Amino acid sequence: MKASKSLMLEMLKKMLEVRYFEEKVVDQYARGAVPGLAHLYIGEEAVAVGACMNLTDEDYITSTHRGHGHCIAKGGELKPMMAELFGKKTGYCKGKGGSMHIAAFEKGILGAMGIVGSGGPIATGAALGIKRQKLDRVVICFFGDGASNEGATHEAMNFASLHKLPVIFVCENNLYGISVAQHRHQAIKDIAARAAGYNMPGLIVDGMDVLAVYEAVKEAVKRAKSGKGPTLIECKTYRFRGHHEGDPNLGARYRMKEEIAAWRKRCPIECLKDKLIKDKIAKQRELDEMEEDVKRRVEEAFVYAMESPFPNPEEALEDLFA
Amino acid sequence: MRELTFREAVVEALDMALERDPRVFLLGEDIGYYGGLFQATQGLLQKYGEDRVMDSPISESAIIGAGIGSAIVGMRPIVEIMNIDFMPVCMDQLVNQAAKMRYMFGGKMKIPLVIRCTCGAGRGGAAHHAQATHGVFMHFPGLKIAVPGTPHDVKGLLFTAIEDENPVLFVEDKMMYNVKGEVPEGYYTVPFGKAAIRHEGEDVTVIATLRMGYRALAVAKEMEEKGIGVEVIDPRTLCPLDKETIINSFKKTGKMVIVDEGNRVGNFGSEVASIIAEEAVDYIQAPILKVTAPHVPVPYSPVLEKFYIPDEERIRQAVYRVLEYA
């Protein structure tokens with residue numbers, strides 16, 4: 001079944017939210033206004049949005065250091081997210097987590113983990129909890145090509161497949177583990193091939209095509225919910241910015257500017273817009289209005305973050321134990 | 001009262017926990033059909049089935065992660081890492097994730113996870129199967145650490161651990177599994193953060209963890225016959241630590257020996273000595289001594305291993321030494 005108009009518009013809106021949220025961070029980071037590190041999701045929007053469009057608030061995700069996109073796609077609200085980046089009391093984690101550690105339990109966001117590869121075992125555990133409690137839910141574990149070389153990822157995949165757990169491993173292969181190109185950090189081209197080692201399906205998807213990601217994850221969700229176990233979906237994608245803001249020349253020390261430019265032409269947002277117009281699904285004005293609305297809401301989130309108070313210093317001592 | 005071995009007390013507590021709460025399940029290496037390396041889960045798979053007593057792959061990170069994830073979504077997992085020596089294999093899941101998640105996410109989630117493991121030298125386990133590194137984990141905020149010293153306490157502390165809403169590292173001294181002691185029938189808890197005074201005395205305070213409690217107690221009884229009062233305190237949990245009981249005893253005796261099988265540098269005893277220095281300096285009458293393993297890995301040869309493990313003679317010598325200070 002093809003995605004409906006309303007679904008495609010929803011996807012576009014979410015991708016725009018991610019894009020403009022991140023653009024705001026770019027701007028603020030350049031001004032030196034963001035306290036910590038910022039690993040941006042610009043260019044990879046189709047992966048998180050296409051995947052999460054298959055989920056409800058009841059389903060779970062685990063996220064990564066490059067997690068803003070996952071959180072927004074999963075329903076995270078812009079205001080507490082932005083506030084968290086600025087270390088404010090109104091942030092999702094009361095200013096304790098920051099950019100790399102956002103969780104929103106009520107939205108099924110179990111948390112972004114700053115350690116590469118650490119989400120796999122936790123996502124697998126959540127899936128085990130779902131299975132034992134006979135809940136009709138799934139978990140998506142987002143991870144990158146870098147994390148695909150971490151032992152914990154392999155332990156998790158083996159465990160999940162062994163017990164046929166409802167978890168989907170969505171690998172965002174953006175071709176670089178920090179600065180090291182994929183061909184310099186692993187001997188394989190397709191990470192999906194590793195699924196065979198765990199007797200689970202391994203798919204390769206165009207990570208710049210939100211509809212393709214959506215359809216692939218949809219099948220995986222169906223499979224997971226019917227008790228058939230996990231799927232590994234490798235999304236070939238690209239980050240338009242550097243590893244983190246401040247990465248020299250957007251990563252031009254370790255990759256060619258031509259390469260960046262070529263991938264930018266495949267912008268997942270522009271691709272979807274083109275399709276919507278070309279197939280006469282939506283009118284340009286409709287899309288423009290949507291974009292303006294997103295920009296306005298991102299700006300509101302920024303103002304909210306700016307106007308929010310910092311936590312009291314002594315709050316550093318709270319929240320350790322339940 | 002009836003007596004059980006330490007092992008039987010563990011099995012009984014786990015059995016009762018599985019019986020009492022359907023959310024409880026066990027996961028670990030060889031805990032199922034094999035019954036656990038030390039038979040501390042013996043018979044439980046047969047009684048509760050493979051879904052509640054899960055043999056796991058040899059994948060320590062997956063074991064801890066499965067515990068964290070399932071705890072967050074509503075289960076009460078009790079996972080087992082066979083030897084505390086294996087903990088570095090899954091250190092990230094333990095200290096970066098389990099311990100930190102609640103705090104770094106702003107106090108929003110509960111992680112009611114019990115991580116059982118064994119420690120201790122004396123069976124020829126050598127460098128990779130015999131360490132007593134429990135003290136290391138005190139350094140990581142967000143973990144509670146139980147170090148039961150008797151069959152009575154292991155059962156009661158295990159229930160407290162299972163009911164706690166936080167990750168608990170539950171360290172069992174593998175040389176204690178055959179030790180017998182009084183264990184009440186039925187359900188009871190031993191609170192965290194409440195030390196036990198094993199022997200009262202006015203002259204020296206000896207803080208001793210795990211099986212070192214028995215050794216300290218033997219020395220205390222022997223000294224008692226000589227008219228020397230040794231107060232033996234078992235902290236029972238390292239986090240939270242019952243500073244009050246420790247400090248109060250020290251205020252009475254002014255002399256302290258800490259006995260712990262961990263390596264010497266950064267030992268649990270180092271922290272206790274620091275607490276005394278910070279909070280009871282006016283009462284210090286003698287050097288605070290640590291009786292620990294020397295600062296080397298656990299050696300294999302029986303001769304070397306025996307030398308490595310703190311024994312009664314070393315405790316005795318330390319007590320005599322602090323007594324030299326009037």
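The domain bounds used here come from an automatic or database domain assignment, and the model itself is predicted.

**View 1. Chain B comes in two domains.**
Let's start with the big split in chain B: domain 1 covers 3-182, and domain 2 covers 196-323. Taken over C-alpha atoms, the centre of domain 1 of chain B and the centre of domain 2 of chain B are 26 Å apart. The two also touch, with 26 residues of domain 1 of chain B in contact with 26 residues of domain 2 of chain B. On the domain 1 side, β6 (144-146) and α6 (151-163) of chain B are the elements that give two or more residues to this contact. The largest share there comes from β6(B), with 3 residues. Sort that side of domain 1 by class and you get 14 nonpolar, 9 polar and 3 charged residues.

**View 2. A seven-stranded sheet in chain B.**
Next up is an open sheet of 7 strands in chain B, and its pairing is mixed. Reading across, the order is β3-β2-β4-β5-β7-β6-β12. At the edges stand β3 (53-55) and β12 (237-239) of chain B, and each has a single partner strand, so one side of each is left without a neighbour in the sheet. Going by neighbouring strands, the average turn of one against another is 20°, direction ignored.

**View 3. A parallel pair in chain B, and a helix on the sheet.**
Zoom in on β2 (residues 24-28) and β4 (residues 76-83) of chain B, which pair in the parallel sense over 5 bridges. To pick out one of the partners, look for B:Phe25, whose bridge partner in β4(B) is B:Pro77. Then there's α6(B), which packs on the sheet and touches β2, β4, β5 (114-119), β6 and β7 (168-173) of chain B. The direction of α6(B) makes about 165° with that of β7(B).

**View 4. Two helices side by side in chain B.**
Here we have helix α3 (residues 60-72) and helix α4 (residues 91-98) of chain B, with axes that come within 8 Å and cross at roughly 30°. Angles under 35 degrees count as roughly parallel, and that is why α3(B) is called roughly parallel to α4(B). Which residues meet? From α3(B) it's B:Ser61, B:Ile64, B:Gly65 and B:Ile68, and from α4(B) it's B:Asp92, B:Gln93, B:Leu94, B:Gln97 and B:Ala98. By class, the residues of this contact are 4 nonpolar, 4 polar and 1 charged.

**View 5. Where chain B meets chain A.**
Pull back a little to see both chains: the contact takes 35 residues from chain B and 37 residues from chain A. On the chain B side, α3, α4 and α5 (101-104) each supply at least two residues. Which helix gives the most to that side? That's α3(B), with 10 residues. In all, the side of chain B that touches chain A has 15 nonpolar, 14 polar and 6 charged residues.

**View 6. A helix pair in chain A.**
Over in chain A, helix α1 (residues 5-30) packs against helix α2 (residues 45-52) at an angle of about 135°, with their axes 9 Å apart. That angle makes α1(A) oblique to α2(A). As for handedness, the crossing of α1(A) and α2(A) is right-handed. In α1(A), the residues to look for are A:Met11, A:Lys14, A:Met15, A:Val18 and A:Arg19; they meet A:Glu45, A:Ala46, A:Ala48, A:Val49 and A:Gly50 in α2(A). This contact of α1(A) with α2(A) divides into 6 nonpolar, 1 polar and 3 charged residues.

**View 7. The parallel sheet of chain A.**
Chain A has an open sheet of 6 strands with parallel pairing, in the order β2-β1-β3-β4-β8-β7. The edge strands β2 (109-112) and β7 (202-206) of chain A each pair on one side only. From one strand to the next, the twist averages 20°. Strands β4 (residues 167-173) and β8 (residues 231-236) of chain A pair in the parallel sense over 6 bridges, and A:Ile168 has A:Thr231 as its bridge partner in β8(A).

**View 8. Helices against the chain A sheet.**
Last stop: α2(A) lies across β1 (60-63), β3 (139-144), β4 and β8 of chain A, and runs at about 165° to β4(A). Helix α5 (residues 119-132) of chain A packs on the sheet too, touching β1, β2, β3 and β4 of chain A. The direction of α5(A) makes about 170° with that of β3(A).

Note on methods
Residues numbered from 1 in each chain as written. Chains lettered and ligands numbered in written order. Predicted model: local features only at pLDDT ≥ 70, side-chain atom pairs only at ≥ 80, totals over all residues. Contact = placed C-beta atoms within 7 Å. Helix = DSSP H or I, 4+ residues; strand = E, 2+ residues; numbered from the N terminus. Nonpolar A, V, L, I, M, F, W, Y, C, P; charged D, E, K, R; others polar. Axes fitted to C-alpha atoms, helices over the stretch in contact; angles between N-to-C directions. Parallel < 35°, antiparallel > 145°, perpendicular 65-115°, else oblique. Left-handed = near helix turned anticlockwise from the far one by under 90°. Pairing = 2+ DSSP bridges.
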